[in-house]
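User: Hi! Could you walk me through this model before I head back to the bench?
Analyst: Happy to, here it is.

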Amino acid sequence: MKLKINAVYICLMLAVASLLAQQPGDPIGENLFPPELLMQYQREIALSEAQKNAIKAELLKAQSRFTEMQWQLQGEVEAMASLVKQARLDEQQVLAQLDKVLNLEREIKRTQLGLVIRIKNNLTAEQQAKLLEIKNKLEFKNKLSK
């Protein structure tokens with residue numbers, strides 16, 4: 001069961017990192033690389049064993065942090081849900097709980113951005129250029145297929 005939950009969180013982490021790194025018209029995301037892009041094109045960009053190991057270590061470290069934050073976030077969302085179920089709401093209490101939820105969401109996004117930054121920093125300029133070329137080709141193909 002724990003393995004299944006970890007796999008779900010890894011998929012979630014990769015999906016969110018991918019979204020951060022690939023939003024169209026996003027000048028920040030255009031220059032970052034989602035982990036699955038590196039996995040898919042590791043031979044084409046000549047990713048070394050040392051780079052693979054470093055990126056895997058970053059992914060595992062981030063996955064651990066995401067799991068911890070996901071548990072915290074779920075707990076805070078449940079607490080907020082119980083607050084808003086009441087017939088009369090204490091506005092200050094609900095807003096304070098919202099701040100807890102938003103702070104955790106902010107930390108998750110910050111961790112995701114940190115992950116894709118560390119991934120990029122593990123790549124050479126040539127590998128980054130090759131990945132940008134691959135991303136542009138993929139985006140062009142996606143636009144044609146729509």
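Analyst: We can start with the overall fold and then go through the details.

User: Great. Anything I should know about the numbers first?
Analyst: This is a predicted model, where local features need pLDDT of at least 70 and side-chain atom pairs count only at pLDDT 80 or more, while totals for chains, interfaces and linings use all residues. Residues are numbered from 1 along each chain as its sequence is written, and side-chain values use heavy atoms, with hydrogens and water left out.

User: How many helices and strands are there?
Analyst: The chain has five helices and zero strands. Helices (H or I, at least four residues) and strands (E, at least two) are DSSP runs, numbered from the N terminus.

User: And how much of the chain is buried?
Analyst: Of the 146 residues, 32% count as buried. Buried means under 20% relative accessible area, exposed over 50%, and partly exposed in between (1.4 Å probe, protein chains only).

User: What share of the contacts is between residues far apart in sequence?
Analyst: Taking contacts with a separation of 6 or more, 73% involve residues 24 or more positions apart. Contact here means heavy atoms within 4.5 Å.

User: Let's talk about α4. What length should it have, and what does the model show?
Analyst: Helix α4 covers residues 91-121, and its 31 residues should span 45 Å at 1.5 Å a residue; the end C-alpha atoms are 44 Å apart, which agrees. The expected span is 1.5 Å times one less than the number of residues.

User: Which residues of α4 are buried?
Analyst: Among them are Val94, Gln97, Val101, Leu104, Ile108 and Leu115. Thr111 and Gln112 are also on the buried list.

User: What happens at the start of that helix?
Analyst: A side-chain oxygen of Asp90 comes to within 3.2 Å of the backbone nitrogen of Gln92. That is a polar contact, a pair of N or O atoms within 3.5 Å; within protein, one must be able to donate a hydrogen and the other to accept it, and residues adjacent in sequence count only if both atoms are side-chain atoms.

User: Now the core. Which residues have the most contacts inside it?
Analyst: The largest nonpolar core has 23 residues, and Leu38, Ile55, Leu123 and Leu131 have the most contacts inside it. Two or more residues each come from α2 (35-40), α3 (49-84), α4 and α5 (125-145). The largest share, eight residues, is from α3. A nonpolar core is a set of buried Ala, Val, Leu, Ile, Met, Phe, Trp, Tyr and Cys residues joined through side-chain atoms within 4.5 Å.

User: What is Leu131 in contact with?
Analyst: Leaving aside neighbours within four places in sequence, Leu131 is in contact with Phe33, Leu37, Leu38, Ile45 and Leu123.

User: Phe33 caught my eye. Where is it?
Analyst: Phe33 sits in the loop between α1 and α2, and counts as buried at 1% relative accessibility. The C-alpha atoms of Phe33 and Leu115 are separated by 9.8 Å, though the two are 82 residues apart along the chain.

User: Is Asp26, in the loop between α1 (2-22) and α2, buried or exposed?
Analyst: Asp26 is buried, with a relative accessible area of 17%. A polar atom of the Asp26 side chain lies 3.0 Å from the backbone nitrogen of Ile28, and one lies 3.2 Å from the backbone nitrogen of Gly29.

User: Switching to charges: how many salt bridges are there?
Analyst: The whole structure has nine. A salt bridge is a side-chain nitrogen of Lys or Arg within 4 Å of a carboxyl oxygen of Asp or Glu.

User: Which ones are in α5?
Analyst: Among them, Lys130 pairs with Glu133 (3.8 Å, N to O); these are three residues apart in helix α5, so they are separated by about one helical turn. Glu133 also pairs with Lys137 (3.4 Å, N to O). Glu44, Lys130, Glu133 and Lys137 are linked in a network of salt bridges.

User: And in α3?
Analyst: Glu68 and Arg65 meet in a salt bridge (2.9 Å, N to O), and they are three residues apart in helix α3. Glu68 is partly exposed at 40% relative accessible area, and Arg65 is partly exposed at 28%.

User: Last one: what is unusual about the phi of Ala46?
Analyst: Ala46 has a positive phi of about 55° although it is not a glycine. Most residues other than glycine have a negative phi. Ala46 is in the loop between α2 and α3 and is exposed, with a relative accessible area of 56%.
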